[in-house]
Amino acid sequence: MKLKESETLELKKSTSEINEAVISIVSILNKHQKGELYFGIKDDGKVVGQQIGKDTERDISRAIFHNIEPKIHPAISKIKIDGKTCIKVDFKSRKTMYYAFGRPYIRIGVENRKLGPEEQEEFILRKNSEKLRWDTDIYPKAKLIDISFAKVKTYLKTSGLKYDSLHNALVKLKLILDDKLVNAGIMLFGKKPQNFFPNAKLRCAVFATMDTVTPVDMKDFEGDVFYLIKEAEKYILENIHIGMRLEGLRRVDVPEIDKEAFREAIINAFCHRDYFEWDSVNIAVFKDRLEIRSPGLLYGGLTIEKIKKENVSQRRNELIAELLHRVHFIEKWGRGISLILSKEPTANFKEIGMQFVTVFKRKNIVKQKLQKTTQKTPRKHPENTQKIIDAILKNPYVTRQELAKTMKTTEDSIKHHLKTLSKKGVLKRVGPDKGGSWEIIQG
């Protein structure tokens with residue numbers, strides 16, 4: 001076989017280059033946390049073999065042990081390549097800074113570069129930040145039996161990856177570290193993630209007014225992230241107005257809030273939330289707005305102004321984000337906010353307490369003045385006219401055909417009533433005849 005040096009593979013002609021080998025190991029560890037090194041192969045890939053005495057492997061081990069900090073414990077073995085004996089060194093580590101002969105190095109291509117003071121500081125800050133990532137943390141007590149085979153297999157099929165075994169699949173997806181499951185694996189593919197994390201939960205509520213005083217419906221859901229995203233989307237569609245438009249002879253449902261926009265906000269909530277917080281993602285449907293609330297403020301020094309104007313993002317849960325991206329749940333380059341605003345320009349973003357909140361205005365709400373009038377005074381319209389008004393208040397996208405069917409009358413009769421209401425200034429049409437909506441102006 002022909003080996004070629006890379007960012008994770010180093011070739012040395014012999015153990016006479018042991019000091020350079022130590023530096024290469026540290027450089028690779030600081031960049032990739034694991035790698036391989038061979039003695040007995042030139043840097044151009046030519047196999048020359050390594051003379052091996054009784055202490056050769058021990059001398060390599062001692063050189064590594066005494067000159068690398070923190071200590072590592074590589075696997076050192078003799079192998080045959082092209083009929084010649086060589087020595088292979090396999091090494092890996094957790095995420096921290098390593099030093100060779102008291103100095104830090106990093107791998108750039110096939111070269112080892114010494115880090116300067118400023119680079120060291122930046123490196124340490126970045127590594128400390130990575131250590132605090134919830135999604136790549138190991139959950140020591142979780143086992144393969146806690147992962148759903150069906151969920152993983154479905155995910156792999158959707159993302160175009162092949163399945164051979166559950167363990168190998170999770171390794172490919174970076175959900176196993178040091179033979180232990182990481183949190184993201186449980187939260188995305190666990191049979192019952194809520195048994196491990198109380199915040200594997202979605203809370204939804206509908207309120208009768210513009211505050212939380214009068215709830216009319218409340219539901220909680222538990223499960224993996226994909227399930228919770230689906231249930232959040234379903235709950236919103238069940239509790240906002242749905243109109244329609246015709247595309248040829250086909251009826252197309254038109255939610256009062258763009259489905260793609262609020263779905264993106266839901267996915268962002270689960271992708272970027274702070275899982276160290278035990279709160280759940282919350283969906284709140286008010287009379288005038290929809291709120292999607294995610295535990296945790298913006299991450300990495302971002303501000304609302306920056307995410308709106310500069311289309312930048314900092315991912316709190318990089319592994320979860322990457323796995324959602326593989327199945328096209330999210331865009332790779334932080335386009336989520338711009339997508340939301342392109343579909344719903346009046347959407348608003350705010351930070352309240354320790355929550356990030358996305359707010360969508362509901363387009364088809366009854367004005368407060370009309371509410372008060374209808375509550376305090378008897379109906380002043382004829383029965384059929386009032387039925388039309390009530391139907392429009394319930395669904396502003398209702399069509400003449402649907403009104404005629406509901407009221408058991410003709411479309412011409414409905415057309416006459418609508419025209420009369422428009423002339424009186426009670427009703428006005430918003431948008432085109434097909435796909436538009438009605439708006440009640442006064443009672």
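Which residue in E16 does Ala284 stand opposite? Keep that one in mind while we work through this predicted model.

**Exercise 1. Find the partner of Ala284 and describe the pairing around it.**

Step 1: Start with the two strands. E15 covers residues 281–285, and E16 covers residues 289–295.

Step 2: Work out how they pair. E15 and E16 run antiparallel to each other, with 4 bridges between them.

Step 3: Look across from Ala284. The residue facing it in E16 is Glu291.

**Exercise 2. Place E15 and E16 in their sheet, and say which strands sit at the edges.**

Step 1: Recall how sheets are held together. Strands pair through backbone hydrogen bonds, in a parallel or an antiparallel way.

Step 2: Read off the order. The sheet is open and has 6 strands, arranged E12-E11-E15-E16-E18-E17, with mixed pairing.

Step 3: Check the ends. Strand E12 (215–222) and strand E17 (348–352) are the edge strands, since each one pairs on one side only.

Step 4: Add the twist. From one strand to the next, it averages 15°.

**Exercise 3. Work out what helix H7 lies across, and how H7 packs with H8.**

Step 1: Locate H7. This helix spans residues 225–239 and lies across E11 (201–207), E12, E15 and E16. Its direction is at about 165° to E12.

Step 2: Pick the right description for a helix pair. Two packed helices are described by the angle between their axes and the distance between those axes.

Step 3: Apply that to H7 and H8 (residues 259–272). The angle is about 145°, and the axes are 10 Å apart. The crossing of H7 and H8 is right-handed.

Step 4: List the contact residues. H7 brings Val225, Leu228, Ile229, Ala232, Glu233, Ile236 and Leu237, while H8 brings Lys259, Phe262, Arg263, Ile266, Ile267 and Phe270.

Step 5: Sort them by type. The contact of H7 with H8 has 10 nonpolar residues, no polar ones and 3 charged ones.

**Exercise 4. Describe the second largest cavity and its lining.**

Step 1: Count the cavities. Searching the whole structure turns up 2 of 30 Å³ or more.

Step 2: Give the volume. The second largest cavity holds about 30 Å³ of space.

Step 3: Name the lining. It's made up of Ile18, Ala21, Val22, Ile25, Leu37, Phe39, Ile60, Ile64 and Val89.

Step 4: Match residues to elements. Helix H1 (18–32), strand E2 (34–39) and helix H2 (56–67) each give two or more residues to this lining. H1 has the largest share, with 4 residues.

Step 5: Sort the lining by type. You get 9 nonpolar residues, no polar and no charged.

Definitions and conventions. Residues numbered from 1 in each chain as written. Predicted model: local features only at pLDDT ≥ 70, side-chain atom pairs only at ≥ 80, totals over all residues. Heavy atoms only, no water. 1 Å grid on protein atoms, 1.4 Å probe; cavity = no way out; pocket = protein on both sides within 12 Å on 5 of 7 lines; lining within 4 Å. Points joined across faces, edges and corners; volume = space filled by probe spheres on them. Nonpolar A, V, L, I, M, F, W, Y, C, P; charged D, E, K, R; others polar. Pairing = 2+ DSSP bridges. Axes fitted to C-alpha atoms, helices over the stretch in contact; angles between N-to-C directions. Contact = heavy atoms within 4.5 Å. Left-handed = near helix turned anticlockwise from the far one by under 90°.
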